[in-house]
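These are my notebook entries on a model I opened today. I looked up the ligand site, one loop residue and one surface patch.

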Amino acid sequence: MEESPKLYRELAAWWPLLSALEDYAEEAEDYRRLILEGTDGEAREVLELGSGGGNNASHLKAHFRLTLVDRSPQMLEVSRRLNPECEHVEGDMRSVRLGRTFDAVFVHDAIAYMTTEDDLRGVFATAFEHCKLGGIALFVPDHVRETFEPWVHQGGHDGPDRALRYLDWTWDPDPNDTTIRMDLIYVFHEPDGSVHTELDEHVCGLFPRATWLRLIGEAGFEVRPVPLVHDERPVGAEGYLATRPG
Ligand SMILES: C[S@@+](CC[C@H](N)C(=O)[O-])C[C@H]1O[C@@H](n2cnc3c(N)ncnc32)[C@H](O)[C@@H]1O
(Lines give C-alpha, C1' and ligand atoms only; values in the text may rest on other atoms or scores of the structure.)
Protein backbone atom coordinates (compact mmCIF):
# COMPACT_ATOMS: atom_id res chain seq x y z
CA MET A 1 0.00 0.00 0.00
CA GLU A 2 1.23 3.53 -0.75
CA GLU A 3 2.36 5.53 2.27
CA SER A 4 -0.16 8.04 3.57
CA PRO A 5 0.86 11.56 4.72
CA LYS A 6 2.43 11.95 8.18
CA LEU A 7 -0.64 13.98 9.17
CA TYR A 8 -2.72 10.79 9.15
CA ARG A 9 -0.09 8.71 10.93
CA GLU A 10 2.34 9.97 13.55
CA LEU A 11 0.96 13.55 13.49
CA ALA A 12 -2.74 12.62 13.70
CA ALA A 13 -3.11 13.82 17.30
CA TRP A 14 -2.42 17.37 15.99
CA TRP A 15 -5.37 17.20 13.55
CA PRO A 16 -7.83 19.11 15.81
CA LEU A 17 -5.40 22.06 15.88
CA LEU A 18 -4.99 22.00 12.10
CA SER A 19 -8.64 21.74 11.18
CA ALA A 20 -11.17 23.15 13.63
CA LEU A 21 -14.74 21.93 13.94
CA GLU A 22 -16.25 25.40 13.48
CA ASP A 23 -14.70 25.64 10.00
CA TYR A 24 -16.92 22.75 8.88
CA ALA A 25 -20.28 24.03 10.12
CA GLU A 26 -21.31 25.88 6.95
CA GLU A 27 -20.34 23.19 4.49
CA ALA A 28 -21.71 20.36 6.65
CA GLU A 29 -25.04 22.16 6.47
CA ASP A 30 -24.84 22.02 2.67
CA TYR A 31 -24.06 18.29 2.75
CA ARG A 32 -26.98 17.68 5.13
CA ARG A 33 -29.31 19.57 2.77
CA LEU A 34 -28.08 17.71 -0.33
CA ILE A 35 -28.33 14.30 1.36
CA LEU A 36 -31.90 15.07 2.41
CA GLU A 37 -32.83 16.54 -0.97
CA GLY A 38 -31.44 13.48 -2.74
CA THR A 39 -33.43 11.08 -0.55
CA ASP A 40 -36.72 13.04 -0.35
CA GLY A 41 -35.98 13.74 3.28
CA GLU A 42 -35.76 10.02 4.10
CA ALA A 43 -32.05 9.60 4.88
CA ARG A 44 -31.33 8.26 8.33
CA GLU A 45 -28.43 5.80 7.98
CA VAL A 46 -25.35 7.44 6.44
CA LEU A 47 -21.95 5.94 5.68
CA GLU A 48 -18.98 8.31 5.42
CA LEU A 49 -15.89 7.01 3.62
CA GLY A 50 -12.61 8.72 4.58
CA SER A 51 -14.15 10.36 7.63
CA GLY A 52 -10.77 11.42 9.03
CA GLY A 53 -10.85 13.31 12.33
CA GLY A 54 -14.65 13.32 12.20
CA ASN A 55 -15.17 17.07 11.80
CA ASN A 56 -18.01 16.79 9.29
CA ALA A 57 -19.42 13.93 11.32
CA SER A 58 -19.52 16.09 14.44
CA HIS A 59 -22.06 18.32 12.65
CA LEU A 60 -23.92 15.65 10.68
CA LYS A 61 -24.46 13.26 13.59
CA ALA A 62 -27.30 15.42 14.94
CA HIS A 63 -29.28 14.55 11.80
CA PHE A 64 -28.18 11.04 10.77
CA ARG A 65 -26.95 7.77 12.28
CA LEU A 66 -23.38 7.69 11.04
CA THR A 67 -20.95 4.88 10.27
CA LEU A 68 -17.45 6.26 9.76
CA VAL A 69 -14.77 4.50 7.72
CA ASP A 70 -11.14 5.57 7.44
CA ARG A 71 -7.97 3.68 6.68
CA SER A 72 -5.94 5.48 9.36
CA PRO A 73 -6.26 3.97 12.85
CA GLN A 74 -4.79 7.17 14.30
CA MET A 75 -7.41 9.38 12.62
CA LEU A 76 -10.17 6.98 13.70
CA GLU A 77 -8.93 7.41 17.27
CA VAL A 78 -9.19 11.22 16.97
CA SER A 79 -12.71 10.86 15.57
CA ARG A 80 -13.77 8.35 18.26
CA ARG A 81 -12.91 10.88 20.96
CA LEU A 82 -15.03 13.52 19.20
CA ASN A 83 -17.85 11.24 18.06
CA PRO A 84 -18.08 8.36 20.55
CA GLU A 85 -21.69 7.72 19.57
CA CYS A 86 -20.75 6.89 15.94
CA GLU A 87 -19.61 3.49 14.70
CA HIS A 88 -16.00 3.58 13.47
CA VAL A 89 -14.53 1.05 11.05
CA GLU A 90 -10.99 0.79 9.75
CA GLY A 91 -11.01 0.24 5.99
CA ASP A 92 -9.94 1.45 2.59
CA MET A 93 -12.66 3.27 0.67
CA ARG A 94 -11.64 1.48 -2.52
CA SER A 95 -12.28 -1.98 -1.17
CA VAL A 96 -14.08 -2.01 2.19
CA ARG A 97 -17.29 -4.08 2.34
CA LEU A 98 -19.46 -3.79 5.45
CA GLY A 99 -22.11 -6.22 4.25
CA ARG A 100 -25.00 -3.79 4.69
CA THR A 101 -26.57 -0.85 2.89
CA PHE A 102 -27.26 2.77 3.82
CA ASP A 103 -29.66 5.54 2.77
CA ALA A 104 -26.68 7.66 1.75
CA VAL A 105 -22.93 7.39 1.30
CA PHE A 106 -20.87 10.54 1.74
CA VAL A 107 -17.27 11.01 0.58
CA HIS A 108 -15.72 14.38 1.35
CA ASP A 109 -12.16 15.65 0.85
CA ALA A 110 -10.59 12.22 1.50
CA ILE A 111 -11.43 11.37 -2.11
CA ALA A 112 -8.62 13.77 -3.04
CA TYR A 113 -6.22 10.93 -2.24
CA MET A 114 -7.47 8.90 -5.20
CA THR A 115 -4.82 9.50 -7.85
CA THR A 116 -5.87 7.12 -10.66
CA GLU A 117 -9.10 6.28 -12.45
CA ASP A 118 -8.85 2.79 -10.96
CA ASP A 119 -8.80 4.32 -7.47
CA LEU A 120 -11.93 6.30 -8.29
CA ARG A 121 -13.60 3.21 -9.78
CA GLY A 122 -12.91 1.41 -6.50
CA VAL A 123 -14.54 4.17 -4.42
CA PHE A 124 -17.61 4.41 -6.67
CA ALA A 125 -18.05 0.63 -6.55
CA THR A 126 -17.80 0.74 -2.74
CA ALA A 127 -20.37 3.54 -2.60
CA PHE A 128 -22.71 1.67 -4.96
CA GLU A 129 -22.46 -1.57 -2.96
CA HIS A 130 -23.36 0.27 0.24
CA CYS A 131 -26.26 2.31 -1.20
CA LYS A 132 -29.82 1.09 -0.79
CA LEU A 133 -31.90 0.95 -3.98
CA GLY A 134 -33.00 4.55 -4.47
CA GLY A 135 -30.31 5.73 -2.05
CA ILE A 136 -27.72 8.37 -2.87
CA ALA A 137 -24.01 8.99 -2.79
CA LEU A 138 -22.50 12.44 -2.45
CA PHE A 139 -18.90 12.91 -3.62
CA VAL A 140 -17.14 16.17 -2.80
CA PRO A 141 -13.66 16.50 -4.33
CA ASP A 142 -11.57 19.54 -3.43
CA HIS A 143 -10.74 20.22 -7.08
CA VAL A 144 -11.66 19.36 -10.65
CA ARG A 145 -9.28 19.93 -13.55
CA GLU A 146 -11.36 22.69 -15.17
CA THR A 147 -11.30 25.02 -12.17
CA PHE A 148 -8.05 24.02 -10.46
CA GLU A 149 -5.74 26.87 -9.56
CA PRO A 150 -2.62 26.58 -7.45
CA TRP A 151 -3.25 28.00 -4.02
CA VAL A 152 -1.48 28.92 -0.84
CA HIS A 153 -3.35 28.87 2.41
CA GLN A 154 -2.30 29.25 6.01
CA GLY A 155 -4.09 28.25 9.17
CA GLY A 156 -3.91 26.50 12.50
CA HIS A 157 -5.10 26.98 16.06
CA ASP A 158 -4.08 27.29 19.70
CA GLY A 159 -4.96 24.43 22.05
CA PRO A 160 -4.95 24.61 25.84
CA ASP A 161 -1.28 23.67 26.13
CA ARG A 162 0.11 23.56 22.58
CA ALA A 163 -0.40 25.18 19.19
CA LEU A 164 0.00 24.50 15.48
CA ARG A 165 0.27 26.69 12.40
CA TYR A 166 0.63 25.46 8.84
CA LEU A 167 1.20 26.57 5.30
CA ASP A 168 -0.52 24.60 2.51
CA TRP A 169 0.95 25.12 -0.96
CA THR A 170 -1.11 23.19 -3.50
CA TRP A 171 0.36 23.05 -7.00
CA ASP A 172 0.53 20.97 -10.13
CA PRO A 173 4.03 19.86 -11.12
CA ASP A 174 2.77 18.17 -14.31
CA PRO A 175 -0.50 19.37 -15.87
CA ASN A 176 -0.49 16.32 -18.16
CA ASP A 177 -0.98 13.74 -15.42
CA THR A 178 -3.79 13.12 -12.91
CA THR A 179 -1.95 14.22 -9.77
CA ILE A 180 -1.23 17.44 -7.91
CA ARG A 181 0.77 18.05 -4.75
CA MET A 182 -0.27 19.59 -1.49
CA ASP A 183 2.95 20.46 0.28
CA LEU A 184 2.23 21.23 3.90
CA ILE A 185 4.67 22.68 6.36
CA TYR A 186 3.66 22.55 10.01
CA VAL A 187 5.08 24.56 12.93
CA PHE A 188 4.46 22.90 16.28
CA HIS A 189 4.56 24.61 19.68
CA GLU A 190 4.94 21.89 22.28
CA PRO A 191 3.70 22.17 25.90
CA ASP A 192 7.31 22.53 27.13
CA GLY A 193 7.79 25.62 24.93
CA SER A 194 9.91 23.90 22.27
CA VAL A 195 9.20 24.60 18.61
CA HIS A 196 9.74 22.30 15.61
CA THR A 197 8.60 21.94 12.02
CA GLU A 198 7.71 19.17 9.57
CA LEU A 199 7.28 19.06 5.82
CA ASP A 200 4.53 16.68 4.66
CA GLU A 201 3.92 15.91 0.98
CA HIS A 202 0.36 14.93 0.06
CA VAL A 203 -0.09 13.52 -3.44
CA CYS A 204 -3.66 14.05 -4.61
CA GLY A 205 -5.69 13.31 -7.73
CA LEU A 206 -6.99 15.82 -10.26
CA PHE A 207 -9.56 14.76 -12.86
CA PRO A 208 -11.78 16.56 -15.35
CA ARG A 209 -15.48 16.82 -14.58
CA ALA A 210 -16.21 14.44 -17.48
CA THR A 211 -14.11 11.73 -15.80
CA TRP A 212 -16.04 12.08 -12.53
CA LEU A 213 -19.38 11.89 -14.32
CA ARG A 214 -18.33 8.98 -16.55
CA LEU A 215 -16.88 6.83 -13.79
CA ILE A 216 -19.73 7.48 -11.35
CA GLY A 217 -22.17 6.59 -14.15
CA GLU A 218 -20.23 3.43 -15.04
CA ALA A 219 -20.57 2.30 -11.42
CA GLY A 220 -24.34 2.22 -11.98
CA PHE A 221 -25.42 5.59 -10.56
CA GLU A 222 -27.44 8.39 -12.12
CA VAL A 223 -25.37 11.48 -11.39
CA ARG A 224 -25.50 15.28 -11.52
CA PRO A 225 -22.97 17.94 -10.49
CA VAL A 226 -23.96 20.24 -7.61
CA PRO A 227 -22.16 23.56 -7.01
CA LEU A 228 -20.43 24.00 -3.64
CA VAL A 229 -18.50 27.15 -2.91
CA HIS A 230 -17.36 28.08 0.59
CA ASP A 231 -14.91 30.57 2.01
CA GLU A 232 -12.87 27.75 3.48
CA ARG A 233 -12.85 25.59 0.36
CA PRO A 234 -10.88 25.99 -2.84
CA VAL A 235 -12.51 28.17 -5.49
CA GLY A 236 -14.65 26.28 -7.97
CA ALA A 237 -15.14 23.09 -5.97
CA GLU A 238 -18.21 21.11 -6.90
CA GLY A 239 -19.89 17.96 -5.73
CA TYR A 240 -21.53 15.02 -7.47
CA LEU A 241 -24.89 13.79 -6.28
CA ALA A 242 -25.45 10.22 -7.46
CA THR A 243 -28.59 8.12 -7.13
CA ARG A 244 -28.66 4.34 -7.15
CA PRO A 245 -31.65 3.60 -9.41
CA GLY A 246 -34.48 1.59 -7.98
C1 LIG B 1 -8.53 15.49 5.27
S2 LIG B 1 -8.85 14.01 6.12
C3 LIG B 1 -10.61 13.95 6.14
C4 LIG B 1 -11.20 14.92 7.12
C5 LIG B 1 -12.71 14.79 7.22
N6 LIG B 1 -13.34 15.37 6.04
C7 LIG B 1 -13.26 15.41 8.48
O8 LIG B 1 -14.38 15.92 8.41
O9 LIG B 1 -12.61 15.36 9.55
C10 LIG B 1 -8.48 12.80 4.90
C11 LIG B 1 -8.67 11.37 5.38
O12 LIG B 1 -8.68 10.51 4.25
C13 LIG B 1 -8.24 9.27 4.70
N14 LIG B 1 -7.96 8.42 3.54
C15 LIG B 1 -7.06 8.64 2.54
N16 LIG B 1 -7.10 7.62 1.67
C17 LIG B 1 -8.05 6.74 2.11
C18 LIG B 1 -8.55 5.50 1.64
N19 LIG B 1 -8.08 4.93 0.52
N20 LIG B 1 -9.53 4.89 2.35
C21 LIG B 1 -10.01 5.42 3.49
N22 LIG B 1 -9.56 6.60 4.01
C23 LIG B 1 -8.60 7.26 3.32
C24 LIG B 1 -7.03 9.62 5.54
O25 LIG B 1 -6.67 8.55 6.40
C26 LIG B 1 -7.55 10.86 6.27
O27 LIG B 1 -8.06 10.51 7.52
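Entry 1, ligand shell. I counted a residue as near the ligand if one of its heavy atoms lies within 4 Å of it. The model is predicted, and I read every value below with that in mind. I found that 23 residues surround the ligand, and that the closest are Asn55, Asn56, Asp70, Met93 and Asp109. Sorting this shell by class, I noted eight nonpolar, ten polar and five charged residues.

Entry 2, polar contacts of the ligand. I looked up which atoms approach the ligand's nitrogen and oxygen atoms. For Asp109, an N or O atom of the side chain is 2.8 Å from a ligand nitrogen. For Asp92, an N or O atom of the side chain is 3.0 Å from a nitrogen atom of the ligand. Asn55 contributes a backbone N or O atom, which lies 3.0 Å from an oxygen atom of the ligand. I then checked the cover: the ligand exposes 600 Å² when taken alone, and the protein buries 98% of that.

Entry 3, Arg71. I located Arg71 in the loop between β2 (65–70) and α4 (73–82). I recorded Arg71 as partly exposed because its relative accessible area is 25%, which falls between the limits of 20% and 50%. Arg71 and Gly50 are 21 residues apart in sequence, and their C-alpha atoms are 7.2 Å apart in space.

Entry 4, surface patch. I found a nonpolar surface patch of about 480 Å², made by Val152, Leu167, Trp169, Ile185 and Leu199. I placed Leu167 in strand β7 (residues 163–171). Leu167 has a relative accessible area of 35%, so I recorded Leu167 as partly exposed.

Note on methods: Residues numbered from 1 in each chain as written. Predicted model: local features only at pLDDT ≥ 70, side-chain atom pairs only at ≥ 80, totals over all residues. Heavy atoms only, no water. Patch = residues over 30% accessible without salt bridge, like charges linked within 9 Å, V, L, I, M, F, W, Y side chains within 5 Å. Areas by Shrake-Rupley, 256 points an atom, 1.4 Å probe, with all protein chains shown as cover. Salt bridge = Lys/Arg side-chain N within 4 Å of Asp/Glu carboxyl O. Helix = DSSP H or I, 4+ residues; strand = E, 2+ residues; numbered from the N terminus. Buried < 20%, exposed > 50% of the residue type's maximum accessible area, 1.4 Å probe, protein only. Polar contact = N/O pair within 3.5 Å; in protein donor to acceptor, adjacent residues only side chain to side chain. Nonpolar A, V, L, I, M, F, W, Y, C, P; charged D, E, K, R; others polar.
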